[in-house]
Amino acid sequence: MLGKDILGLRDLAAEDIDEILSLALNMKKLLRQNIKKLPHLMGKSAAMLFYENSTRTRCSFELAAKYMGAHVLNLAVATSSVQKGETLVDTGKTLDAMRCDVIVIRHPMGGAPKLLAQTVQAHVVNAGDGMNEHPTQALLDMLTMRERWGDVKGKTVAILGDIRHSRVAKSNLYGLTKLGAEVRMYAPKTLLPPGLEEVGAKICRSREEAAEGADAVMGLRIQLERQHAGNFPSLGEYAKYYGVDADVLKYAKEGALVMHPGPVNRGVELSSAVIDGDTSVIEDQVLSGIAVRMAILFLLTKEEVA
Ligand code: NCD
């Protein structure tokens with residue numbers, strides 16, 4: 001059974017991941033049938049507290065909550081009391097006092113969701129904290145894989161690009177290895193943090209080595225907002241040596257999935273042809289996102305439903 005909050009996959013048990021993915025798979029089937037009116041969150045309120053830009057994650061959480069009948073509160077941080085100097089903890093306490101059942105938070109600082117979770121009664125879901133974790137993104141990636149493969153156990157996933165600044169890569173590493181997949185990583189040395197091997201990653205010396213026989217190849221957006229210039233020579237070089245294109249896919253298994261959390265810089269992390277290619281599942285990842293978030297919101301709040 002899930003705990004009070006979803007803060008990351010590093011601390012989530014394999015059985016919990018399994019429970020979320022199993023329910024999310026059913027939710028996804030309903031979404032495919034265009035069923036978008038479910039009672040699971042009726043009478044509940046979910047607050048979206050986004051301190052960082054977002055399109056798909058915020059919209060996805062909002063729709064997931066609305067499809068299950070919740071009241072959704074969108075806090076525009078740029079025009080809220082945060083601008084008057086209110087602390088995160090005080091904002092959280094205010095949402096608690098307003099009887100919010102769930103707070104979905106994105107924050108540029110790693111650890112902010114944990115701090116909030118420790119101080120509020122509401123369930124807290126991490127929608128991305130700095131360079132730390134983005135658990136629902138990794139779960140939606142795993143749902144996309146599981147739907148196609150049945151199981152991720154024994155599969156190989158290659159993750160290429162700006163690993164250091166990527167919370168998506170880290171959550172995928174924790175989650176996929178817990179479920180028995182092999183995770184290979186390749187990045188410029190300047191964009192590869194230490195300690196990944198200790199948590200199960202196989203660090204590769206070229207993108208071809210990473211892609212060799214892989215079942216899925218995942219590109220990552222260069223997180224320009226989190227770094228200073230000089231970590232790689234130019235965008236052209238990044239695309240050539242660390243990007244996903246037809247040349248590198250020749251090394252992967254036939255029909256290997258091409259994945260990206262979005263937003264994509266076309267022609268940088270992924271070539272345009274690959275984004276629109278037959279094995280690209282980028283749009284399906286978006287649908288998986290709503291399904292995973294529906295499952296999480298329901299599982300976190302369900303004991304309270306009469
Ligand atoms: C990711 C994020 O915000 O971490 N995007 C997302 O949630 N879909 C990846 C990114 O911004 O590059």
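Good morning. The residues lining the largest pocket of this protein divide into four nonpolar, 10 polar and seven charged. In this scheme Ala, Val, Leu, Ile, Met, Phe, Trp, Tyr, Cys and Pro count as nonpolar, Asp, Glu, Lys and Arg as charged, and the others, Gly among them, as polar.

Before going on, I should state that this is a predicted model, in which local features need pLDDT of at least 70 and side-chain atom pairs count only at pLDDT 80 or more, while totals for chains, interfaces and linings use all residues. Residues are numbered from 1 along each chain as its sequence is written, and side-chain values use heavy atoms, with hydrogens and water left out.

Let me define the terms for open and closed spaces. On a 1 Å grid over the protein atoms alone, a pocket is an open set of points with protein on both sides within 12 Å along at least five of seven lines, a cavity is a set where a 1.4 Å probe fits but cannot get out, and lining residues have an atom within 4 Å of a point. Grid points are joined across faces, edges and corners, and a volume is the space filled by probe spheres set on the points.

The largest pocket holds about 380 Å³ of space. Among its 21 lining residues, Arg106, Arg167, Arg221, Gly262 and Pro263 are the closest to its centre. Where does this pocket lie with respect to domain 1 and domain 2? Domain 1 (14-132 + 286-305) and domain 2 (135-282) both give residues to the lining, so the pocket lies between them. The domain bounds come from an automatic or database domain assignment.

The second largest pocket has a volume of about 310 Å³. Of the 16 residues that line this pocket, Leu7, Gly8, Asp11, Lys114 and Glu133 are the closest to its centre. Helix 4 and strand 4 are the elements that give two or more residues to this lining. Here helices (H or I, at least four residues) and strands (E, at least two) are DSSP runs, numbered from the N terminus.

There is one cavity of 30 Å³ or more, and the space in the largest cavity is about 80 Å³. Which helix supplies the largest share of its lining? Helix 11 does, with four residues. Domain 1 and domain 2 each contribute at least three residues to the lining of the largest cavity.

I turn now to the sheets. Strands of a sheet pair through backbone hydrogen bonds, either parallel or antiparallel; two strands count as paired if DSSP finds at least two bridges between them.

One open sheet has four strands in the order 2-1-3-4, with parallel pairing. Strand 2 (71-76) and strand 4 (123-129) each have a single partner strand, so one side of each is left without a neighbour in the sheet. Five bridges join strand 3 (residues 102-107) to strand 4, and histidine 107 has aspartate 129 in strand 4 as its bridge partner. Helix 4 (residues 112-119) lies across strand 1 (45-50), strand 3 and strand 4, at about 170° to strand 4. Such angles run from 0 to 180 degrees between N-to-C directions, with axes fitted to C-alpha atoms, for helices over the stretch in contact, and contact means heavy atoms within 4.5 Å.

Another open sheet has five strands in the order 7-6-5-8-9, again with parallel pairing. Its edges are strand 7 (201-203) and strand 9 (257-259). Helix 5 lies across strand 5 (156-160), strand 8 (216-219) and strand 9. Thank you.
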